[in-house]
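Here are a few notes to help you find your way around. Have a look at the model first, then read on.

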Amino acid sequence: MITAVPGALAQTPPASKPAQAGALASYAESLPNSVVKLNMVAIPAGTVTLAGKKVPVKPFWIANTETPWEAYDVFAASGPPSVAYDQTKFAADAIARPSKSYILPDLGWGHHGYPVINVSFLSVTMFCRWLSSATHKKYRVPTEAEWEYACRAGSSAPIKLTKAQAAASSWYADNSDGKTQLVGKKIPNAWKLYDMLGNVGEWATDADGKPVLCGPNFKDKLADLTPTIRRRWEPAWQATDPQLPKSRWWLSDGFFVGFRVVCEP
Amino acid sequence: MTNNSETGAPQTRREFLKTTTVAGAALAASGNYAFAQGSDKLKVALIGCGGRGSGAAADALSADPGVVLTVMADVFKDHLDRSLANLKGEPSVGKRVEVTAENSFIGLDAYQKALATNVDVVLLTTPPGFRPQHIKAAVEAGKHIFAEKPMGTDAAGVRMAYEAAKGAAAKKRAFVAGFCWRYDNPRREFYKRIHEGAIGQVRHIQATYLTGPVKPMPPASTRPAGVSDTEWQIRNWYNFVWLCGDGLIEQACHSVDKILWAMKDEPPLRCVATGGRQIPNNEGNIYDHIDVFYEWPDGVRATMAQRQINCDYNDNSDYIVGSKGHAFIKGWNQLEIHGDAVVKIPGPNRMYRQEHEEFFASIRSGKLIDNSERMWRSTLAGLMGRMAAYTGEEITWEQMLNSKENLFPEHLDWNGKLAIAPMAIPGKNKYV
C-alpha cells in the first residue's frame, strides 16, 4: 500500500507551512442549516510563476477538496430555484439559485461525496455569494495564481508524475473508469489538498477576472497531470443543451467542470 | 409486428408537386425540383415558444441554410417575445428569423392561425397535452412536422394523433418525432448491435430515470389576481396530468422509448406498476414516482423505474440482459456491450441537431421520414405504465388500444373555470 506520494509533490518541501502562516489557521466551515462542512486549509503568502512571470500571492484559505454535491445541494435548497426559461434577470447583488437542470446534473455518476460537475461559472459564483452571505466571510473561487500556487504547494519545481505517483494521487484517464470519483480519497499534496491534479477541473479567475478552468480532470492522460492545464468555456460544453437560451447555470456537457472555494482573510 | 421504417419511398416529381403549396407552385413554374436545392427556402412555424421549442427552432435553423423561421405561436405573449428575441440574437441563425408582428399568434387558437400561413414545416413543441390536436391539424394543413415527445397525454389523444400522422411519407409529408435518442449515432450503433444479436436474445431490460422534480407547483397563494384557472394550469403545466402526462410520460418516456427500441418496437403484452407521490406538490396532480414492470412473450421483461424526488442517488441508465451477454448505457456517456467481446461505443452526442439535419435532408431529398408508428407505440407504452400505476390493475396492450381515456378538457376557455382532477388513487381509479 502506498501511503505517501513519492517524488515531486511530497518530496518537495513546501515554501512555507500553513502553521507558519501568520494569523491564519485552518478551520472547518459549517454550511448553514446542515451538517455539511468544508475543511478550509490556511495557505501562507508566497509567489507563483505564471507564464514566466512571478506573481505574489497573499495568505488565504482553500477547501481541501473539490466541492461535493452535498454542499451544493444545501445552496440549491436555500431558496427558490431560478425559473428554467426565465433565468436572465436578477439583481447584480442578489443571490440566485440554480434553475432545474434539463439533464441529471450528476449524470448518475454518484452524489454524496462526489464532486459537483456540469456547473457554469455563474453557478459557482452564486454558491460563493450565498456562502459569504451566510457566514459573513469572503468566499469566492480562487484566482488562477492562488489555484496554481496551492496546487504546487508553494513549490516552483516542475511537476511530472510517474504512473505510480499518478495512481496514488490522482483520478485520471488510467484509473477513473471514465467518470468522476469520490473526493478526498487519493493522497493529498504537501499542503493536504486533495485531487488538485485530477477528478475535475476547477473554476478560477484569470488576471483579467475572466473565468478559467484550472487543472486536469478524470479524462486527462498522465502527461497532462500538471498544474498548468487550463481550459476556457466553449460552446461544446453546452452543445447538447436543447434549450434556447441554453442554461446559465448548467453545462450540459461540462462533466469535467467543478470547483473548490477559497476564503479571503 | 414492427414497423420502424425511417424513410418512405422516394416520391416522383409529379407526386411531390401535387402536394406542394403556393411556394411550391411558384418554384414549379421555374422548373426546379422544389426544395431540392439548399438555396430554396423552407419556411418554418414554431408552435410552442418555451425553452425547448426555442432550442428546436435554433436546431432547425442550424440544420439547413435554407430554413427561415417566419411564424411563431404560443398562448403566452411573454414566452413568444422572449423566444423571438433569443432566436434573433443567435449569432449563426438570427438573420433567418423573419417573424413579424403579423406572423406572431397568441392564444389557444394560435396554432390554427400559424397553420393557416404558407409555412412548409411546423415544429410542435407545446406542453404535450396539446400535441394530438396540433399533430392532427398540422397533418390536415399539409405541413412537414417535427413533433416533440411524447405524442400526447392520454390514449384517446395519442390514437387521434397517430391516425392522422400514420403513413406520413405516403402523404408526402415528413414526420419526425422528438424521441431524440433515436437520432444519436452512438445509441444507434448500440441498438443495432443488440438487434444483430451481440448479447443473444434480449431477456430483460432495466431502465432508470431517477432524478429530481422538474417544475414543482407553486402555492395557490402565489397565483396573481386575474389569472384564470386555465392560464394558471398552463403556466404550471408540468404539474397537471392532462397537460404533462406525468413524469413517466413527459420525461421518462425517453427510457420507455429505448426499452421499445431494444425490443425492435414490439409493444409489451402487459404490465403492472406501482407509483404515488411522497413530496406534497400543492395543487399538482402528477405522481413523483412510478415503477413499471412490462412483459413480452417468452417471459421477456422490462422494468422502468421513474422518480422525480431530490435524493442522494440519481440514475438515467439502461441495463439490458441477453441470453449471451449484457449491455448498458450508463449515464449519458458510457455505452458498453459485453457479448463475446467487450465493445465500448464512443462518440459525441449531438442528437438534437442530428434529428433536425435528417428531418430537413429528408424534406429536401423527398425520402421522407415517418416516425409516427414508433412515436405512437412508445407513448402508448408509457401511458400503459401510467394506467397500471394509477389503477393498481394489470393493463394489457390490447386494453390500451381500446382505452377511452381522454383527459383534454371538454371546453377549454382561456378565461374560464377549470377544475383540477384529484390525484389518482390505485385501487380506486379504474381502467377506462
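1. Helix α14(B) is a good place to start: this helix is mostly covered, with 20 of its 20 residues buried. Please keep in mind that the model is predicted.

2. The length of α14(B) is easy to check for yourself. This helix of chain B runs over residues 372-391, and its 20 residues should span 28 Å at 1.5 Å a residue, which agrees with its end C-alpha atoms being 28 Å apart. Just after α14(B) comes Gly392(B), with a positive phi near 75°.

3. Staying in chain B, look at helix α6 (residues 131-140) and helix α7 (residues 155-165), which pack with their axes 8 Å apart at an angle of about 15°. Because angles under 35 degrees count as roughly parallel, α6(B) is roughly parallel to α7(B). Their crossing is left-handed.

4. Which residues of α6(B) and α7(B) meet? From α6(B) come Pro132(B), Gln133(B), Ile135(B), Lys136(B) and Val139(B), and they meet Gly157(B), Val158(B), Met160(B), Ala161(B), Ala164(B) and Ala165(B) of α7(B). By kind, the residues of this contact are 8 nonpolar, 2 polar and 1 charged. A general point may help when you view such a contact: an α-helix has 3.6 residues a turn, so residues three or four places apart point the same way.

5. Finally, turn to chain A, which has 5 helices and 11 strands. Of its 265 residues, 57% count as buried. Among the contacts in chain A with a separation of 6 or more, 67% are between residues 24 or more positions apart.

How values were computed: Residues are numbered from 1 along each chain as its sequence is written. Chains are lettered from A and ligands numbered from 1 in the order in which they are written. This is a predicted model: local features need pLDDT of at least 70, side-chain atom pairs count only at pLDDT 80 or more; totals for chains, interfaces and linings use all residues. Side-chain values use heavy atoms; hydrogens and water are left out. Axes are lines fitted to C-alpha atoms, for helices over the stretch in contact, and angles run from 0 to 180 degrees between N-to-C directions. Helices (H or I, at least four residues) and strands (E, at least two) are DSSP runs, numbered from the N terminus. Angles under 35 degrees count as roughly parallel, over 145 as roughly antiparallel, 65 to 115 as roughly perpendicular and the rest as oblique. A crossing is left-handed if the near helix is turned anticlockwise from the far one by less than a right angle, and right-handed if clockwise. Contact means heavy atoms within 4.5 Å. Ala, Val, Leu, Ile, Met, Phe, Trp, Tyr, Cys and Pro count as nonpolar, Asp, Glu, Lys and Arg as charged, and the others, Gly among them, as polar. The expected span of a helix is 1.5 Å times one less than its number of residues. Buried means under 20% relative accessible area, exposed over 50%, partly exposed in between (1.4 Å probe, protein chains only).
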